[in-house]
Amino acid sequence: MKLPDGPRTPSLLQTLQLVAQPTDFLDRCRDRYGDPFTTRVLGLNSPPVVFFGEPEAIQEIFALPAKKLDFQVATHVFQPLMGDRSVILQEGRAHQRTRQLLMPAFHGDRMKAYGQVICEITEEVTSSWKPGASVLIHQYMPDITLSIILRVVFGLEPGPRYEQVKALLSGLLDDVTTPVFSSQFFFPPLQKDLGAWSPWGNFLRRRQQIDELVYAEIEERRANSDRSSTDILSMLIAARDADGEQMTNQELRDQLVSLLLLGYETTAASLTWAFHWIHASASVQQRLQEELDGLGSDRTPEAIAQLPYLSAVCSETLRAYPIALICVPRMVKETLNIRGYDFEPGTILIPCIYLAHRRPQAYPNPTQFDPTHFLDRDLSPYEFLPFGGGSRGCIGTVFSRYEMKLILATILSRFQLSLSDNRPVRPVRRGITFVPSSGVPVVIHKCLSPEC
Ligand code: HEM
């Protein structure tokens, strides 16, 4: 059966090219072979890995019945961290059930309960910023988004347990971003506990510490259930599936750790990009500032969330360099047809967010940052898909968009900033995301808040 065309170079070379310069590799392949194209990017003897950026193909892939696909081909690396019951590792009915239990906590009206907390945490974390100082945005954003997720998802109030979980999680994630530490997750033979000083032994001990804190919180919360609590852990403890079943402690632990790990670095990385783009363009910065100033005294989270230009700036940030370049890879289990091509079992299909966002048919001047791409235009969920889609689409979509707007508005209403390094940036890998290479250093010119 004929696969879409693609590079014929050895698979190890293609793998290295994708790892070293992913966006260049994807751009080059599309320019040369068209869309879709077939690569071999999973190391030696890689199976065919087909990338799709055209909306019609992505729509067909999202609509495929989940039972025809295996989603664990890439996500299994998360198993040691997130656990077997994590939503990201489940398949079929178990996966559907977990999503049904999780989704209500992240939707519509629930957001209102979180708005004030998001603004307060942003103010707290940036309270040390003073005019004349320089700050590195990528150091502050994870602090804000992790604090938010601990409060909103866990319902943890600042205190010893909050500080311990925060320190353990951010330390672990910092290490996961180093090649030596992260390689253990990709190569199971390296997963040997040779004592606390060995890399795997060190990981297991830290995971144990995190688990003890998480289980202690779950036990306490079960014992003192408070129906008025608005955090996600309380909702999950109270939730029942269609058969009236509750989540077990292990299920709760696996979902909580997954939400923490998937939910904070992603939003922090997107915000870091947003600060870069806003301050790289005087006209974007000015228009956004005017819109925020126009709010006057109506600075409620709901009013902020409805600002059209702020919303367009967030969407354009998520488009221009999506922090996840691809959706979860899907391995074909039964022969299936997409856009006239038959794909055999073992082939890996990748709806490619980055390529979909670079199509000039959907975005005139796709390499430019231009929020008007999103003003008065309707784009389909197959042309704009920073959160993926189909049965595995991101659970935190509404929450993280809301969070991005409130954090940006809170900071930009309090401080006047400018980039201290105007050189072009490129996306570099950090953990599970792609962030701006510069880390976005900014100078604080003015504090616009009465407290400064
Ligand atoms: C700007 C921020 C974020 C971006 C860009 C993002 C992006 C993504 C993407 C691309 C996927 C894979 C979707 C697919 O393959 O179709 C995903 C999955 C997921 N995300 Fe997010 N995400 C963000 C924030 C969050 C937040 C805040 C949470 C929760 C607190 C979250 C929880 C999840 C979960 C649980 C999944 C797995 C869903 C499943 O397998 O069923 N994400 N996200």
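1. Ligand surroundings. In this predicted model, the ligand has 26 residues around it, and those that come nearest are Gly 263, Cys 327, Gly 388, Cys 394 and Gly 396. Sorted by class, the shell holds 13 nonpolar, eleven polar and two charged residues.

2. Helices at the ligand. Two helices, α13 and α18 (397-414), each supply at least two residues of the shell around the ligand. Seven residues come from α13, which is the largest share.

3. Nonpolar core. The largest nonpolar core is made up of 110 residues, and Val 153, Ala 274 and Cys 352 have the most contacts inside it. Helix α13, spanning residues 249-280, gives the most to this core, with 16 residues.

4. Val 153. Leaving aside residues up to four places away in sequence, Val 153 touches Asp 231, Ile 232 and Leu 233, as well as Leu 256, Leu 259, Leu 260 and Gly 263. Gly 263 is also among the residues that come nearest to the ligand.

5. Packing of α13 and α16. How do the axes of α13 and α16 cross? The axis of α13 and that of helix α16 (residues 308-320) come within 9 Å, with a crossing angle of roughly 105°. Angles of 65 to 115 degrees count as roughly perpendicular, and the two helices are therefore roughly perpendicular to each other. On the α13 side the contact is made by Ser 270, Trp 273, Ala 274, Trp 277 and Ile 278, and on the α16 side by Val 313, Cys 314, Thr 317, Leu 318 and Ala 320. These residues divide into eight nonpolar and two polar, with no charged residue. Ala 274, a residue of this contact, is also one of those with the most contacts inside the largest nonpolar core.

Methods: Residues numbered from 1 in each chain as written. Predicted model: local features only at pLDDT ≥ 70, side-chain atom pairs only at ≥ 80, totals over all residues. Core = buried A, V, L, I, M, F, W, Y, C linked by C-beta atoms within 7 Å. Buried ≥ 20, exposed ≤ 12 C-beta atoms within 10 Å, placed from the backbone. Helix = DSSP H or I, 4+ residues; strand = E, 2+ residues; numbered from the N terminus. Contact = placed C-beta atoms within 7 Å. Near = placed C-beta within 6 Å. Nonpolar A, V, L, I, M, F, W, Y, C, P; charged D, E, K, R; others polar. Axes fitted to C-alpha atoms, helices over the stretch in contact; angles between N-to-C directions. Parallel < 35°, antiparallel > 145°, perpendicular 65-115°, else oblique.
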